[in-house]
Amino acid sequence: MSQDNVLFQDLFDIKDINPNGKRFDRVSRLVARSENYEMDLTLDYNSELYPLEITDKVSLVLASSLSLEAVQEVVPSTGAGAGTAPEKRESWRERAPGERDLSDEYEYVMFGKVYRYDDAASGSGATALSVYASFGGLLMCLEGDYRHLQNITVGENLYLLMRK
């Protein structure tokens, strides 16, 4: 697996499910705490497809691509974009039989977009950051030290992958 595609990865302990009550039949909201980076996660997920319980541990990955190889970057050589920052290019196509990607290693996968950042200065001088993403209306908020979230940018498409 290429680490270039992985934007964030950690193991989370589920602390609560539906803390404000269940609002939708097939959707639940989990609240979890990461083991390694002390991050807080609030995530809406399809509880009918992927049932979870309090005290479950889940591995969560945020990735820019499902490719197991590094995504090739293209730099325009001429024209309006010449000399600008590289642009990631990845085309979607049906996988050939036997071809593998990152989703084969996980049980639950969602595709979405980062829509907001919130900066909050804590008393210790370290800067906390909240990253918000929407996966077709299922929302995620990941909060913690900015150093662990610096690879994620607003407007970026990303994949969320989970396994127990």
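Biologist: Which residues is Ala128 in contact with, leaving aside its neighbours within four places in sequence?

Modeller: Contacts show what a residue touches once the chain has folded up in the model, which is a predicted one. Leaving aside neighbours within four places in sequence, Ala128 is in contact with Asp118, Asp119, Ala120 and Gly144. Ala128 itself has its place in strand 8, residues 127-135.

Biologist: Is Ala128 buried or exposed, or somewhere in between?

Modeller: Look at the relative accessible area and compare it with the cut-offs: under 20% is buried, over 50% is exposed. Ala128 has 28%, so this residue is partly exposed. You can also try a distance in the viewer: the C-alpha atoms of Ala128 and Met39 are separated by 9.7 Å, while the two residues are 89 apart along the chain.

Biologist: Let me step back to the whole protein. How many helices and strands are there?

Modeller: There are 10 strands and zero helices. Reading along the sequence therefore gives β-β-β-β-β-β-β-β-β-β. Of the 164 residues, 38% count as buried. The accessible surface comes to about 9,800 Å², and 47% of that belongs to carbon and sulfur atoms.

Biologist: What share of the contacts join residues at least 24 apart?

Modeller: Take the contacts between residues at least 6 apart in sequence; 60% of them join residues at least 24 apart.

Biologist: Now the strands. Which way do strand 1 and strand 4 run, and how many bridges join them?

Modeller: To read a strand pair, check its direction and count its bridges. Strand 1 (residues 6-17) and strand 4 run antiparallel, joined by seven bridges. One partnership to find is Phe8, whose bridge partner in strand 4 is Leu62. Strand 1 also runs antiparallel to strand 2 (residues 27-34), with five bridges between them. There, Ile17 has Leu30 of strand 2 as its bridge partner.

Biologist: And where do side chains point in a strand?

Modeller: In a regular strand, they alternate between the two faces of the sheet.

Biologist: I see Phe8 again among the rings. How far apart are the ring centres of Phe8 and Tyr37?

Modeller: For rings, read both the distance between centres and the angle between planes. The structure holds five aromatic pairs. In one of them, the centres of Phe8 and Tyr37 are 6.0 Å apart with the planes at 55°, so the pair is tilted. Phe8 sits in strand 1 and Tyr37 in the loop between strand 2 and strand 3, 29 residues apart. Phe8 counts as buried at 2% relative accessibility, whereas Tyr37 is partly exposed at 35%. Another tilted pair is Tyr115 with Tyr132, at 6.2 Å centre to centre and 45° between the planes. Tyr115 lies in strand 7 (residues 108-121) and Tyr132 in strand 8, so this pair ties together parts 17 residues apart in sequence. Tyr115 is partly exposed at 39%, and Tyr132 is buried at 16%.

Biologist: Which residues do ring pairs link into a cluster?

Modeller: That cluster is made of Phe8, Phe12 and Tyr37.

Biologist: How many salt bridges does a search of the whole structure find?

Modeller: Here you look for oppositely named partners, such as Asp with Lys, and read the N to O distance. The search finds eight. Among them is Asp13 with Lys57, whose closest N and O atoms are 3.2 Å apart. Asp13 is in strand 1 and Lys57 in strand 4, 44 residues apart. Asp13 counts as buried at 18%, and Lys57 as partly exposed at 42%. Arg29 and Asp44 also meet in a salt bridge, at 2.6 Å from N to O. That pair links strand 2 to strand 3 (residues 40-46), across 15 residues. Arg29 is partly exposed at 34%, while Asp44 is buried at 8%.

Biologist: What is the N to O distance between Arg100 and Asp104?

Modeller: It is 4.0 Å. Arg100 counts as exposed at 51%, and Asp104 as partly exposed at 31%. Elsewhere, salt bridges that share partners join Asp13, Glu35 and Lys57 into one network.

Biologist: One last residue: where does Ser65 lie?

Modeller: Ser65 is in the loop between strand 4 (57-63) and strand 5 (73-74). Ser65 is buried, with a relative accessible area of 0%. Its side chain reaches the backbone nitrogen of Ser67 at 3.0 Å.

How values were computed. Residues are numbered from 1 along each chain as its sequence is written. This is a predicted model: local features need pLDDT of at least 70, side-chain atom pairs count only at pLDDT 80 or more; totals for chains, interfaces and linings use all residues. Side-chain values use heavy atoms; hydrogens and water are left out. Helices (H or I, at least four residues) and strands (E, at least two) are DSSP runs, numbered from the N terminus. Buried means under 20% relative accessible area, exposed over 50%, partly exposed in between (1.4 Å probe, protein chains only). Contact means heavy atoms within 4.5 Å. Accessible areas come from the Shrake-Rupley method with a 1.4 Å probe; for residues, only the protein chains shown count as cover. A polar contact is a pair of N or O atoms within 3.5 Å; within protein, one must be able to donate a hydrogen and the other to accept it, and residues adjacent in sequence count only if both atoms are side-chain atoms. Two strands pair if DSSP finds at least two bridges between them. A salt bridge is a side-chain nitrogen of Lys or Arg within 4 Å of a carboxyl oxygen of Asp or Glu. Rings of Phe, Tyr and Trp (its six-membered ring) pair if their centres lie within 6.5 Å; planes under 30 degrees apart count as stacked, over 60 as edge-to-face and the rest as tilted.
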